[in-house]
Each structure stands twice: as structure tokens, then as C-alpha cells.
Amino acid sequence: SELRTKLLEAFSNAEGEFVSGQKISEYIGCSRTAVWKHIEELRKDGYELEAVRRLGYRITKKPNKISSNEIQIGLKTKTLGRHVHFEETVTSTQKIAQTLAGNGAPEGTIVVADQQTNGRGRMAREWYSPSGTGIWMSLIIRPNIPVHSTPQLTLLTAVAIVQAIEELTPVKPDIKWPNDILINGKKVVGILTELQAEADQVHSVIIGTGINVNQKVEDFPEELQQIATSIGIETGKHWERALFIQTILLKFEGLYSLYLSQGFHPIKLLWEGYAISLNKKMVARTLNGSVEGKAIGIDHNGVLLIETSDGSIKEIYSADIELK
Ligand code: BTX
């Protein structure tokens, strides 16, 4: 409800300090008794609040839930995340975002779910998306760029997420071309970029990100335990998912505006700073077979360049990479 939003806003503005009942009642425009009632409702929803005479209330712990409110209160972006479509359980946030984008959803609209029953990776693979643990989000943007440039946005997204993780946590993630973010060699984030386009005109780009935030090792199915990790596992701490979403959107917005005004070059430089796949021997498995060689870089479109043993350079548009 609107009152609930205002109440949470009052606490958010106080940044962890106490807010008096009087102030709250003025801010949300209701009586002191009504304030008390709303506070009790917050408690029922899993918030922990401390109440001290004369000082007022403060939130000491938020529930392990994400919601539109949690994402939007305290959000510092201009356009990204200003429209939030939140659902507890969906098949895939990509699917919902495709429909919304087709129906004209504005740039910056995000679809977020607590759980996906049919989360998708690339090439019809599955993305494991259990409830209460991760960020399963699809972002709709409408850049005026040619279709062949859109893979650059996957790399831009990876940079935004790495920057957000570095800002909020002590871990230093690496990027493996094109779309994996790894911590200590294990996958913590996956990115899936899909398009709605016609001829060479991009209508919308839908960027799906799956981020493992609070899973424990045993929360992953056995086949993923060796290759996947979460920010929680790597830091030994529980993290608030909404804060990650807000930080990622803010980083993305900054990089995206840089990209639209100056092109891919500045993004490429940032990306290269995080990439572990460069100057290494590798096998790239594509739909048309494997290419073995040394990655010498990415080109101005974000395409991976591999130098093979005969000295020729192969352009890799889409592949799975195995470092040697
Ligand atoms: P990908 O094809 O690069 O990676 C998929 C592979 O990663 C799987 O085959 C499996 O081995 C592994 N994997 C599956 N689940 C996880 C996980 N939770 N953590 C680590 N590794 C895993 C990557 O595809 C793109 C994933 C995008 C997911 C987002 S979530 C929001 C949006 N909605 C949706 O359906 N997909 C995107």
C-alpha cells in the first residue's frame, strides 16, 4: 500500500537512526495510533524493529524478501528500475520481460522474481533459480544501436555487476568472456541478452541476470556444487538482495550513458581490466565446432579474437570457453 511505502521511506531516509512516532505520523499523514498499527504490520511481515521511549523506532533487520518497495526505496537511478514488475514465482523473468517489452514497457523497466521454475541460460540451458537466495532479474532497454553491436551490452552488464560486487563486498570477481562472472574460478553470475529487432532496428534489448547471493553450498544441486558459488559462500555473510539490485542498476546507468555518448571503447577498457580469458590458451566450443588457441583480445564489437597455432585469427561470436 501507499502508506507502507511512505513508512518504509521514512525509515530509509533516517539511514538506520531512530525516527520518532511524531515524525512518522507527520510524514505519512496519519495518527500516532495508526503509526503503531502499521509498525505492528511490519513486524508481522518479518521486519525487526527496536522501539525506544522518546527516540522512536528503527529497523534493525529486514525480512529476507525482495519486493517492489524494497527495490525502489533508496534507489538513486534516473530511469532504470523506475518501473518494477515483481512476482514471487515465475517461469522465467525473460519471458515476462519479452511480453512487457512487446507491449511498449518504458526503458528501464525491470522484472524481478524471488524464484524461477524455468530459469533459462544460453542455448536452452537451465539456470537454477531457487527462492529466497538469488537475484533473478530482466532489464528492458531501448538503445538506438545496430543489431550487431548488441553483444557489447552483455559485456557492459558484466562490468556493472562486477563494479557493484566490488563496491558492496570485499570480493574481487573476474569476467570470463562473454557472460560469466566468477569468484575463485566458480560461476556466481550468468547473463543472458535477448533482442526484439526488425531488419537492423533494435526495438528492445532484454538483459537477464542471475546472481547467486545467499545460497549455501548444499543449496546447489550436486552437479553445480563444483562449478557454482554465491556471494554469501565467498564472504561468509548474508547480503540484502535489494541493495545489490539498486547498486547494479546505478552502475549500469552510469556505464550505459557513457556507452551511448562515447561508444564501446571506454567500456571495452574497463571490461579488459576484469577479464581473465585474455592472453590465455583456451578452447572455444561453438555450435560449428571447436577453436583452440590463444585469446588475444576482443574487437570493437566485443567479439573474441583467438589466434590459432597456424597464426590465423578467428572471430568468436558465441561460445563456451574452457581455459587451458
Ligand atoms: P549459461 O548458458 O552461460 O550458463 C548455464 C549453465 O550454468 C548451466 O548449464 C549450468 O551448468 C550452470 N548453472 C545453472 N544454474 C546456475 C547457477 N544458479 N549458478 C551457477 N551456475 C549455474 C547463463 O547461461 C545465463 C543465465 C541467465 C539467468 C537469468 S536469471 C533472470 C533471467 N531469466 C531467465 O530465465 N534467465 C535470466
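A residue counts as part of the shell around the ligand if its C-beta atom, placed from the backbone, lies within 6 Å of the ligand. The model on screen is predicted.

Start with the ligand. Select the residues around it: there are 27. Among these, Ser92, Gly121, Gly190, Gly208 and Gly210 are the closest. Colour the shell by residue type, and it splits into 14 polar, eight nonpolar and five charged residues.

Next, colour by secondary structure. Which elements each supply at least two residues of the shell? One is a helix, H5 (93–102). The others are strands: E5 (134–141), E8 (186–198) and E9 (201–212).

Now select the sheet. Strands E5, E9 and E8 sit in succession within an open sheet of seven strands, whose full order is E3-E4-E5-E9-E8-E7-E6. The pairing in this sheet is mixed. At its edges are strand E3 (84–90) and strand E6 (174–176), each paired on one side only. Going from one strand to the next, the twist averages 20 degrees.

Strands of a sheet pair through backbone hydrogen bonds, either parallel or antiparallel. Zoom in on E5 and E9 for a case of the second kind: these two strands run antiparallel and are joined by eight bridges. To see one of the pairs, select Ser138; its bridge partner in E9 is Gly208. Gly208 is also one of the residues closest to the ligand.

Finally, zoom out and select residues 69–260. The UniProt record, an unreviewed entry, annotates this span as "domain: BPL/LPL catalytic". The span is 32% helix and 28% strand, and its end C-alpha atoms lie 29 Å apart.

Notes:
Residues are numbered from 1 along each chain as its sequence is written. This is a predicted model: local features need pLDDT of at least 70, side-chain atom pairs count only at pLDDT 80 or more; totals for chains, interfaces and linings use all residues. Helices (H or I, at least four residues) and strands (E, at least two) are DSSP runs, numbered from the N terminus. Ala, Val, Leu, Ile, Met, Phe, Trp, Tyr, Cys and Pro count as nonpolar, Asp, Glu, Lys and Arg as charged, and the others, Gly among them, as polar. UniProt positions are given in the numbering used here, feature names are shortened, and annotations may be inferred rather than shown by experiment. Two strands pair if DSSP finds at least two bridges between them. Axes are lines fitted to C-alpha atoms, for helices over the stretch in contact, and angles run from 0 to 180 degrees between N-to-C directions.
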